[in-house]
Amino acid sequence: MEVQIMCTKLIKPSAPTPPHLRTLKLSPVDQIQYSIKPTALFYYSADGSAEAKEVERRVNLLETSLSETLTRFYPLAGRYIEDGNWVDCTDEGVEFTPAKVKGRLGEVLSRRDEMIDELVHLAGGESTSAVTLIQVNMFECGGLVIGIRICHHLFDGFSAASFITSWASTAISRQLGLINDLDQEIISPTFDLTSILPPNDLPEMKPRPPLMGTNNGVTKRIVFDRAKISALRAISHDPSFPRKPSRVEVVTALVWRARMRVSLAKHGRLRTSLAALTMDLRLRIVPPLPPSSCGNLVSMATARFVAAESGDGNTEVPVPVLEVPELKILVGLLIDSMTKSKETVVTREDAFPTLLRTRNELYEAVEKGEVDVFMFTSWCNFPAYKIDFGWGKPVWMSRIHSGFEAATFLDTEGGDGIEAWLSFNKQEMLLFLQDKDILAFTSQEAP
């Protein structure tokens with residue numbers, strides 16, 4: 001993929017950030033995040049009217065509406081001060097990079113799996129001082145790809161979704177001449193978690209597991225369509241379950257089971273394993289937080305499968321050492337874990353300690369190396385395919401290669417399937433992709 005960077009601008013908020021907001025102290029949970037900038041790419045096809053002048057107008061609209069949006073999301077235009085764990089909100093600006101791409105967008109969309117390693121060129125550089133980077137890629141056909149990177153120390157995925165949605169709403173309102181009514185329609189975000197949630201009695205944090213090196217890790221995409229997910233839900237349900245499993249739960253269970261087989265081949269025995277799913281803690285906190293509270297408030301729902309002969313003497317789930325459990329056993333464990341997590345109410349005083357304790361449990365398990373820990377993140381139900389800047393909805397949303405070993409789930413364009421973006425060790429990935437369940441339940445002819 002040939003990408004020509006035209007320039008890099010610093011886009012500042014359209015109104016200066018008031019002096020009393022120029023120092024943002026990061027919460028204890030913000031501070032323990034990896035120093036990475038997770039990426040989302042939104043793909044917009046040419047609509048027949050995207051001549052050169054129209055494409056230029058669209059890029060200018062993105063720039064202007066971004067500036068207006070940053071007035072509300074002002075920390076994204078700041079700079080992260082690592083030594084003091086704070087953000088200097090003096091409006092230095094978001095890095096905004098227009099780029100020209102040789103070829104047609106359809107060529108990328110028709111070769112999605114082949115292009116995964118190339119998509120990083122559409123996302124902008126990561127090793128810069130800016131906490132937010134945006135690259136607008138213009139294809140020769142008039143198609144656009146908008147790449148967005150945001151420092152994980154500032155935002156989790158839910159906060160990033162709030163920013164992207166707000167930016168698109170600002171752009172389309174400006175295009176329709178409704179910009180004066182915008183403040184009545186968009187809830188302003190808040191960035192005061194450290195004052196709302198007292199950081200008291202915090203546990204000492206365990207060391208974070210290292211990220212995969214780019215030489216050892218690989219990212220692949222597999223797709224579960226509606227029909228395959230329906231079949232999975234049918235075979236994995238049990239009358240004893242309190243409810244029917246969700247599409248995310250059955251896909252998580254299938255990936256978990258396939259990874260168990262890889263571990264079995266690697267270690268020669270079935271090991272105890274954890275499936276850890278990220279969950280938004282905001283809706284469980286009482287009293288409720290203000291709308292659009294931004295920062296990192298992601299907890300973990302952990303399902304544990306205890307292997308009968310894993311060496312710890314625990315026979316809670318007695319299975320032969322060389323067999324993985326039935327799919328419905330794992331689905332049941334996931335339903336139980338997710339249900340308990342969603343029903344557990346957390347006070348404001350206990351929010352940060354709860355988040356840190358769940359992280360410590362996972363980090364400790366990884367450190368000991370006696371238990372397999374599999375990480376899962378779901379972006380399903382994030383309104384990715386409704387992000388309209390004024391020229392239509394995206395035809396695809398993607399990620400790029402990640403150095404963090406995990407499975408991330410995204411909606412397919414129709415909203416009823418799941419794209420699983422998997423980042424694993426290269427050798428383990430080869431075995432995983434040949435797993436009989438993965439071959440049976442993924443769509444081999446997915447776009």
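**Close-up views of the predicted model**

**View A. Asp 350 is partly exposed, with a relative accessible area of 29%.** Partly exposed lies between buried, under 20% relative accessible area, and exposed, over 50% (1.4 Å probe, protein chains only). This is a predicted model, in which local features need pLDDT of at least 70, side-chain atom pairs count only at pLDDT 80 or more, and totals for chains, interfaces and linings use all residues. Residues are numbered from 1 along each chain as its sequence is written, and side-chain values use heavy atoms, with hydrogens and water left out. The partner of Asp 350 in a salt bridge is Arg 357; their closest N and O atoms are 3.3 Å apart. A salt bridge needs a side-chain nitrogen of Lys or Arg within 4 Å of a carboxyl oxygen of Asp or Glu. Arg 357 is also partly exposed, at 38%. Elsewhere, salt bridges with shared partners link Arg 257, Arg 261, Asp 435 and Asp 437 into one network.

**View B. Arg 282 and Asp 280 are joined by a salt bridge between their side chains.** The N to O distance is 2.8 Å. Arg 282 counts as buried because its relative accessibility is 13%. The structure holds 24 salt bridges.

**View C. Asp 336 and Lys 340 form a salt bridge within helix α9.** Their closest N and O atoms lie 3.3 Å apart. The two residues are four positions apart, about one turn of the helix. Asp 336 counts as partly exposed, at 40% relative accessibility. Helices are DSSP runs of H or I (at least four residues) and strands are runs of E (at least two), numbered from the N terminus.

**View D. Helices α7 and α9 cross at roughly 90 degrees.** Helix α7 spans residues 226-236, and α9 spans 327-343. Their axes come within 9 Å. Each axis is a line fitted to C-alpha atoms over the stretch in contact, with angles from 0 to 180 degrees between N-to-C directions. The two helices are therefore roughly perpendicular, a label that covers 65 to 115 degrees. In the contact (heavy atoms within 4.5 Å), α7 contributes Leu 232, Ile 235 and Ser 236. From α9 come Leu 327, Lys 328 and Val 331. These residues divide into four nonpolar, one polar and one charged.

**View E. Strand β9 is largely enclosed by the rest of the structure, because seven of its seven residues are buried.** The strand covers residues 144-150. Leu 144, Ile 146, Ile 148 and Ile 150 point one way. Val 145, Gly 147 and Arg 149 point the other way. Strand β4 (residues 39-44) pairs with β9 in the antiparallel sense over six bridges; pairing takes at least two bridges in DSSP. Here Tyr 43 stands opposite Val 145. Strand β8 (residues 132-139) also runs antiparallel to β9, joined by seven bridges. Met 138 faces Leu 144 across this pairing. The hairpin of β8 and β9 has four residues between the strands. Its Gly 142 takes a positive phi near 100 degrees.

**View F. Six strands build an open sheet with mixed pairing.** Their order is β10-β18-β17-β15-β11-β13. The edges are β10 (217-224) and β13 (298-305), each paired on one side only. Neighbouring strands are turned against each other by 20 degrees on average, direction ignored. At one edge, eight bridges join β10 to the antiparallel strand β18 (residues 418-425). Within this pair, Val 218 stands opposite Phe 424 in β18.

Terms used
Parallel < 35°, antiparallel > 145°, perpendicular 65-115°, else oblique. Nonpolar A, V, L, I, M, F, W, Y, C, P; charged D, E, K, R; others polar.
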